[in-house]
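Student: Could you take me through one part of this model closely? I would like to look at a single sheet and how its strands are put together.

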Amino acid sequence: MNDIRIKVLLIDDDRVDQMAFKRLVRDENLSYDYAIAGSVSEATTVLNSRQFDVVIADYFLGDGTAFDLFDLIIDTPIIFVTGGGDEETAVRAMKAGAYDYIIKDQERNYLKMLQITVENAIRHKKAEDQFRMLSHAIMSIHDSVFITNMEEETIFVNHAFCTTYQYHEEEVLGKPIDILWKDGSDRSESSRILKLATKTGWEGEVYHRRKDGSVFPVSLSTSIIKDSNGNGIAVVSVARDITERKRAEEELKKAKEATETSNKELTLAVERANIMAVEAELANKTKSEFLANVSHEIRTPMNGIIGMTDLALETELNPDQREYLEAVQYSANSLLNLINDILDFSKIEAGKLDIECIDFNLNECLDNVLQPMRLRAKEKGLKLTSHLDSVVPDGLVGDPMRLRQILINLVSNAVKFTESGQVAIQIEAESITEKDAVLHFIVSDTGIGIPPRLQGTIFEAFTQADGTTTRKYGGTGLGLAISSRLVAMMGGRIWVESPLSEYKGETFGPGSRFHFTAKLRLQNQCSGTADSSFTGTEHDFTEIGDRVRDVKDKESKTTEEPVYPLRSPLKILLAEDNAINCKLTKSILHKKGWQVVTASTGKEVLHLLDSEMFDLILMDVQMPEMDGYEATAVIREREKSTRTHIPIIALTAHAMSRDKERCLKIGMDAYVSKPMKAAELYGAIARLMHEEELSEPGETAEKTELIDLSRAMEAVDGDKGLLRSLVDDFLEDYPQHLEELEGLIAKNDSAQVERKAHSLKGSIGNFGVGKAYELAYQIETLGKESRLEGAEDVLKKLEEQMNRIKAFFSLPGWDKNL
Ligand code: ADP
């Protein structure tokens, strides 16, 4: 208080008293900042212009009394000063609002009292201000505040309380507090809380009741008010309506529950999706299995239809019959194409289509594309050209069948959708490295073209540029979808343009120009050096009709006739359970003059092999009782002890590449898929029976002959009996010779190898100087030069040759033509 100067106004008309006041302030060093007014009017002026902490007012003033100023002095404590014996006036002043009064005495001792009274007044004023501020605060806060005495009667409530609980102040003051409780009679709960509050205070959530009986949740906080002796005198409670919070909490809980439920549902959905994905994968697998099976079922009768039609067309027919059969042939081939497309597409979708990686020649592949297309182009009067850029390498590694499939699809579309003008194939090199080349293929036509808006969608499955073209041109809408996927598998891309084009000075179009790229490895021996590995050819086929025929004839020779004619009539074991297909295959084989024995189950095959010798088995893979796979496995197992190997060609309508793999893995030597063309079957047989010769194309025909019977006859001077007995001895002895040779090679006994090989060569020489003779001579030389490292491989080849010789001599009637 000392630091702050108290603002005091003294109102007194007595100049001596004024002097005495000034002296008091000075002598006592009071920190008063005072003003003195000697009349009502002077005081009025000062009070209107300044604020004071305390006013000391003498009763009698020259122009009135202190009472005249009371209305002006609001909120400032007044110390009323009056003369002795005038206590009545003092009482009046107190009633009018004075804080205290002082009676003047002659000796002016009252001045000492004045100092204390001023201090008290200031303190009182401060406390009053604080109280007012507090009660104002309590009154105006949003929480309900109520104070109860120790008898649990309400002694204070704020505005928020009245609003929240719907009571007027006077309705609750002096009343027991339990009217607020949810159940009016539940005094025990309120008492319990109050008791706790009087000790430690209490905080928690309860339910309170409004005047209208409605109940609401409240967050309650109570604490005890104590007097200066530490005795509890009241309990103050602060209550907050938490209806909103509760609702929010409830909503949060519900939201949480909902989240948990949806989380659970999500987890379930994910689990379900996983199951569905597994099921879908299974279904996809099943679908592709199903398609493979269906295709097998369709291909089997198709084999009969196409094959029998081909055979019938080779017989003498009247023109009508020929026309009908050609129609059957055309329809059957269309149906087969469709099945192949669907199967291809489903294989790609199921991720089951593999791209092969084999050596091939681009020129040959291109010829294989052009060959079937020429006639169709010619029929429509279209020019069909092809151009291979000179830098395009010819010897490539990739999948020629799939490359051909893409090109055939694009070229046949081009021919289909073009009425006049030309179709051109162009092959350029986009880039060439030491190892591979990215080739750019362009198939362009002068046909109906494709509107820009459809150029993107035609590569999708079952999409055709225009519904009406379907009816006019036919098709499934699968060709481009398959092509685009195959191109992607070859590391390339496919796209189309539809520009105007010019041909022979005429403008066509818009026309179509299909582009695709493919990345292909270069063959080792051709890696960018030899000129022969690069192509650069130009063909123009349909203009010269005769040439078309020439080329066709030449090609039909290469496919239908084996390049290496078979030396001896073959005896073939045909295993096929389908009666029509059996008849068909038999007819095809008979046409070559081959002898055919049939079996309809794997067991029958084994049975027949026990009693007869065959050069070859054509094995249908699907047969009752014992299928072709099982039968082959048994045959190969048995051959381990006899050291023989009978060639087996699988005949199957299964079109999946893994079926092919399975056939070869189980020990079959080749594979012909149904519906089979006679040419394909002849080709496979020819290739297989002359495998060795084909692998050594540089040799002379004479050298590649298995046996030279005329030379053999010469050797025995025409003595057939001698030859027969020589043959018998030979057949009996040679396995022993081979075994001994194998042992000697293993022991690295060069001298003995040389001797044994020389003697074997001599026995072989009796029957001619075929491949076997050559191989025996090779082993002899290796022995002579003590270089036996490669001898084992040569011995294996020799063994195969010997088995063939054995097979030849085992055929009944081998000596018929001697
Ligand atoms: P489709 O078996 O119907 O020919 P494709 O997938 O091969 O199936 O072709 C899809 C569609 O693309 C065709 O139906 C045709 O509308 C359009 N199309 C393809 N090639 C050509 C082309 N050279 N000229 C005009 N339209 C073409």
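Tutor: Happy to, and let us begin with a term we will need: two strands count as paired if DSSP finds at least two bridges between them. Please keep in mind that this is a predicted model.

With that in hand, look at strand β8, residues 144–149: three bridges join β8 to β9, and the two run antiparallel. Within this pair, T148 stands opposite T154 of β9.

Now step back to the whole sheet. It is an open sheet of five strands, in the order β9-β8-β12-β11-β10, and the pairing is antiparallel. The edges are held by β9 (154–157) and β10 (202–209); each has a single partner strand, so one side of each is left without a neighbour in the sheet. On average, neighbouring strands here are turned by 30° against each other, direction ignored. As general background, strands of a sheet pair through backbone hydrogen bonds, either parallel or antiparallel.

Between β8 and β9 there is a loop worth a pause, and E152 is found in it. The phi of E152 is near 65°, a positive value in a residue other than glycine. This deserves a second glance because most residues other than glycine have a negative phi. Is E152 buried or exposed? The cut-off for buried is under 20% relative accessible area, and E152, at 16% relative accessibility, therefore counts as buried.

Let us cross to the other edge of the sheet. There β10 is joined by eight bridges to strand β11, residues 215–226, and these two run antiparallel. You can find your place in this pair with Y207, which stands opposite P217 in β11. The two strands, β10 and β11, form a hairpin with five residues between them. In its turn sits G213, with a positive phi of about 90°. So we have met a positive phi in two places: at E152, in the loop between β8 and β9, and at G213, in the turn of the β10–β11 hairpin.

To put the picture together, start at the β9 edge, where β9 pairs antiparallel with β8 through three bridges. Then follow the order β9-β8-β12-β11-β10 across the sheet. You finish at the β10 edge, where eight bridges join β10 to β11. As you trace each strand, a general point may help: in a regular strand the side chains alternate between the two faces of the sheet.

Definitions and conventions:
Residues numbered from 1 in each chain as written. Predicted model: local features only at pLDDT ≥ 70, side-chain atom pairs only at ≥ 80, totals over all residues. Heavy atoms only, no water. Helix = DSSP H or I, 4+ residues; strand = E, 2+ residues; numbered from the N terminus. Axes fitted to C-alpha atoms, helices over the stretch in contact; angles between N-to-C directions. Buried < 20%, exposed > 50% of the residue type's maximum accessible area, 1.4 Å probe, protein only.
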